[in-house]
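Let's take a tour of a protein with DNA and see what sits next to what. Have the structure open while you read.

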2 protein chains.
Amino acid sequence: MTSESPSIVDVAKRAGVSVATASRVMSGSTYPVSEGTRERVLLAARELRYVPNSLARSLKAQRSKLIAVLVGDNADPYFAQVARGVEEVANSHGYLTIICNTERDPIRELSYLQTLQDYRADGIVFTGSGSDETSVPEQLEIDDMIEKIQRRGAAIVMLSPHNLQAPSIQPDNLGGAYELTRYLIELGHTRIAFVTGPASVTVANQRLQGYRQALTESGITPDDTLLFPGNFTQAGGERAAAMLNQLPREKRPSAVFACNDETAFGLMYGLRQHGWRLPEDISICGFGNLPMARMVTPALTTANISLRELGRAGAQKILALLQHQDTSAQETFPTTIVKRASTIPFAHATSNIDEK
Amino acid sequence: MTSESPSIVDVAKRAGVSVATASRVMSGSTYPVSEGTRERVLLAARELRYVPNSLARSLKAQRSKLIAVLVGDNADPYFAQVARGVEEVANSHGYLTIICNTERDPIRELSYLQTLQDYRADGIVFTGSGSDETSVPEQLEIDDMIEKIQRRGAAIVMLSPHNLQAPSIQPDNLGGAYELTRYLIELGHTRIAFVTGPASVTVANQRLQGYRQALTESGITPDDTLLFPGNFTQAGGERAAAMLNQLPREKRPSAVFACNDETAFGLMYGLRQHGWRLPEDISICGFGNLPMARMVTPALTTANISLRELGRAGAQKILALLQHQDTSAQETFPTTIVKRASTIPFAHATSNIDEK
DNA sequence: TTGTAAGCGTTATCAT
DNA sequence: ATGATAACGCTTACAA
């Protein structure tokens with residue numbers, strides 16, 4: 001138990017030099033040290049199996065070389081990929097990555113922020129947060145905390161829409177949803193349902209807005225009876241399927257826009273359980289283009305977000321901020337729609353044929 | 001930039017007490033402090049917005065309250081879920097979780113272990129490592145490193161088979177694969193192909209072994225021409241599909257055991273691209289029971305591993321070890337097979353019908 | 001080129 | 001019950 005890890009003092013002693021010199025060698029300082037002593041120190045360190053203590057180093061240096069990534073849920077492939085991207089860049093720059101699952105709960109978010117402040121994390125990448133709700137008291141505290149963290153010199157980057165005072169890289173949710181809806185309309189669909197995300201989550205509402213905008217522009221009045229509540233999970237999609245199935249035939253939409261891919265997967269599964277044939281009975285699109293989107297049957301039409309790349313970009317922005325390189329405060333991250341088999345022309349849909 | 005975070009010294013000054021007293025209050029020590037002073041300290045801390053420095057605390061306490069989880073790739077849902085479970089338990093016990101993507105590369109593994117040693121991580125959960133290759137020089141160094149880490153007093157737990165000196169919780173890969181293969185045999189299949197995992201990765205070979213064992217016991221001689229190389233990815237599964245498709249009709253298997261679910265997904269996708277109908281043309285099973293396994297068409301027969309729970313168990317074992325509670329060195333984690341639509345009786349298979 | 005010593009923010013030991 | 005002080009392991013002025 002008593003782990004007598006050798007410290008730099010031991011190394012110095014063994015090498016017969018001062019701690020300062022030993023430190024200069026071990027820390028890779030540019031400070032001049034004669035070749036002879038350098039080697040003696042290195043040798044001593046090797047012999048003692050010396051391991052520098054990052055905690056002490058960080059304490060002294062006032063920077064931890066720790067980057068945190070706050071995600072809604074790492075078990076969700078969306079977040080898992082973003083986190084992967086963050087870690088990739090962080091690691092290649094000598095940073096460790098701390099992962100925090102917030103479950104989109106402001107209380108948990110706040111608690112993590114507090115802890116990360118305690119640990120003097122150098123950077124924090126936010127994703128899967130962002131609520132429209134400004135009335136929640138925690139939101140104010142989060143605002144406050146974020147400011148404190150930034151004042152300390154740490155960098156914060158948001159990868160989802162947020163009304164906080166921090167640089168962000170935001171996927172073009174509105175644009176993607178708009179394009180996707182336009183595409184459905186071009187296919188001839190007019191009754192297009194929408195399965196929402198969790199209430200008051202900004203990303204979800206941005207997508208809803210894009211959907212509505214496309215409808216309106218095409219002269220279709222958004223019909224709120226075609227809005228079904230979801231929560232970004234497969235289970236939510238399945239519940240929406242049950243509700244769709246309850247609808248009298250003539251009220252059924254010929255297409256559904258699911259707020260994210262997971263929802264679309266659950267929706268497809270649920271509808272099929274209820275005996276619907278896809279895509280004949282209904283066209284479906286998702287959002288995100290998860291790796292499974294092309295694997296399901298029928299392959300899912302969706303909007304691609306290069307999630308791993310988004311994570312990488314987030315981490316890179318953190319690094320840039322830490323070096324006080326001016327980076328634009330708000331960047332947009334492209335989303336491009338991917339047309340696949342889950343959406344077919346209204347002309348081919350059974351809902352259309354039935355009506356004939 | 002100059003972040004004048006107040007330290008405990010400032011709090012003490014403001015409260016008009018010694019740092020010792022302030023510390024006793026702030027650290028939640030059991031040491032007696034009069035109610036009056038306690039409140040003065042608390043007030044001062046609040047006014048100064050004092051945030052204890054975990055780095056300093058860890059340095060002093062010789063424990064970092066950091067737990068690391070080493071995964072092959074966090075973008076793989078298998079690992080993402082395990083990591084989620086680890087983080088869940090870690091967080092609820094006041095630990096932060098560091099995530100490390102090793103890409104199953106011993107060099108990267110070693111480098112992470114080194115860094116984690118530097119940071120004095122209290123615990124390390126390994127998963128997605130474990131090679132049969134003992135000849136690789138890095139493997140020896142990893143052994144060495146692990147021992148060093150343990151000597152320091154840190155806890156290490158393996159969640160995949162490993163020939164290292166550390167406690168482990170291992171999913172019953174052999175048993176699951178055995179059961180799954182038995183099931184295929186019961187369905188009447190005799191020509192059962194196997195898509196492997198990455199070469200020399202122990203988990204993959206354990207599954208192969210279970211498959212072989214079941215065949216042999218049923219009097220079927222394992223046929224190595226039915227072994228197709230995979231690598232635990234969708235892409236690997238797709239390549240295997242192409243190879244299967246090349247096979248002359250009479251040499252085709254009537255069922256395939258894919259070494260994990262991702263491979264099975266790729267395989268299904270690939271085969272369908274080549275015009276195969278599933279499950280009529282071939283039965284398929286995977287391993288892992290990822291959330292998508294039930295969503296694909298046909299729903300995938302597979303062996304369930306409660307991955308999040310596995311991660312939780314891993315973290316719990318770390319905590320137990322840190323408190324020197326004796327926990328059994330080697331635990332087995334159950335796998336249970338889940339029968340779904342992707343596997344049908346040989347009697348219903350087209351390969352059988354064709355032969356008639 | 002090398003060494004001395006102060007300090008990063010805590011906590012624990014020993015006095016008082 | 002409270003306080004002074006010495007660590008924890010490292011880096012960096014400042015001296016030599």
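The largest cavity is lined by 15 residues, and those nearest its centre are Y78(B), F79(B), R104(B), R207(B) and F232(B). Three elements of chain B, α5 (77-92), α9 (202-217) and α11 (261-273), each give two or more residues to that lining. Helices here are DSSP runs of H or I with at least four residues, strands are E runs of at least two, and both are numbered from the N terminus. A cavity is a set of points on a 1 Å grid over the protein atoms alone where a 1.4 Å probe fits but cannot get out, and a lining residue has an atom within 4 Å of a point.

Before going on, a word on how to read all this. This is a predicted model, where local features need pLDDT of at least 70 and side-chain atom pairs count only at pLDDT 80 or more, while totals for chains, interfaces and linings use all residues. Residues are numbered from 1 along each chain as its sequence is written, chains are lettered from A and ligands numbered from 1 in the order in which they are written, and side-chain values use heavy atoms, with hydrogens and water left out.

Back to the cavity. Its volume is about 160 Å³, where a volume is the space filled by probe spheres set on the grid points, which are joined across faces, edges and corners. By class, the lining of the largest cavity has six nonpolar, four polar and five charged residues. (Ala, Val, Leu, Ile, Met, Phe, Trp, Tyr, Cys and Pro count as nonpolar, Asp, Glu, Lys and Arg as charged, and the others, Gly among them, as polar.) In total, the structure holds five cavities of 30 Å³ or more.

What about the open spaces? A pocket is an open set of points with protein on both sides within 12 Å along at least five of seven lines. The largest pocket has a volume of about 1,000 Å³. It has 44 lining residues, and A75(A), D76(A), P77(A), A75(B) and P77(B) are the closest to its centre. Both chains chip in: α5 (77-92) and α11 (261-273) of chain A, plus α5, α10 (234-246) and α11 of chain B, each give two or more residues to the lining. The top contributor is α5(B), with four residues. Sorted by class, the pocket lining has 18 nonpolar, eleven polar and 15 charged residues.

Now for the DNA. A residue is near a strand if one of its heavy atoms lies within 4 Å of it. Around DNA strand D there are 28 residues, with I8(A), Y50(A), R24(B), Y31(B) and P32(B) the closest. Of the strand D atoms that come within 4 Å of the protein, 58% belong to sugar and phosphate. The surface near DNA strand D gets at least two residues from each of α2 (19-26) and α4 (54-61) of chain A, and from α2 (19-26) and α4 (54-61) of chain B. Here α2(B) gives the most, with four residues.

DNA strand C has 27 residues around it, and R24(A), Y31(A), I8(B), Y50(B) and R57(B) are the closest. Sugar and phosphate make up 55% of the strand C atoms that come within 4 Å of the protein. For this strand too, α2 and α4 of chain A and α2 and α4 of chain B each supply at least two residues.

Here are some of the polar contacts (pairs of N or O atoms within 3.5 Å; within protein, one must be able to donate a hydrogen and the other to accept it, and residues adjacent in sequence count only if both atoms are side-chain atoms).

| Residue and part | DNA partner | Distance |
|---|---|---|
| Y50(A), side chain | phosphate oxygen, strand D | 2.4 Å |
| T21(B), side chain | phosphate oxygen, strand D | 2.9 Å |
| Y31(B), side chain | base oxygen, strand D | 2.3 Å |
| R24(A), side chain | base nitrogen, strand C | 2.7 Å |
| S34(A), backbone | phosphate oxygen, strand C | 2.7 Å |
| K60(B), side chain | base oxygen, strand C | 3.2 Å |

Let's zoom in on S34(A), which is found in the loop between α2 and α3 (35-48) of chain A. Its side chain also makes a polar contact of 2.5 Å with the side chain of T37(A). Is S34(A) buried or exposed? S34(A) counts as partly exposed, at 46% relative accessibility. (Buried means under 20% relative accessible area, exposed over 50%, and partly exposed in between, using a 1.4 Å probe and protein chains only.)

One last stop: how many disulfides does the structure have? A search over all chains finds zero disulfides. A disulfide is a covalent bond between the sulfur atoms of two cysteines. The cut-off used here is a pair of cysteine sulfur atoms within 2.5 Å. The sulfur of C259(A) has its closest cysteine sulfur in C285(A), 10 Å away, so that is too far for a bond. C259(A) is buried, with a relative accessible area of 0%, and C285(A) also counts as buried, at 0% relative accessibility.
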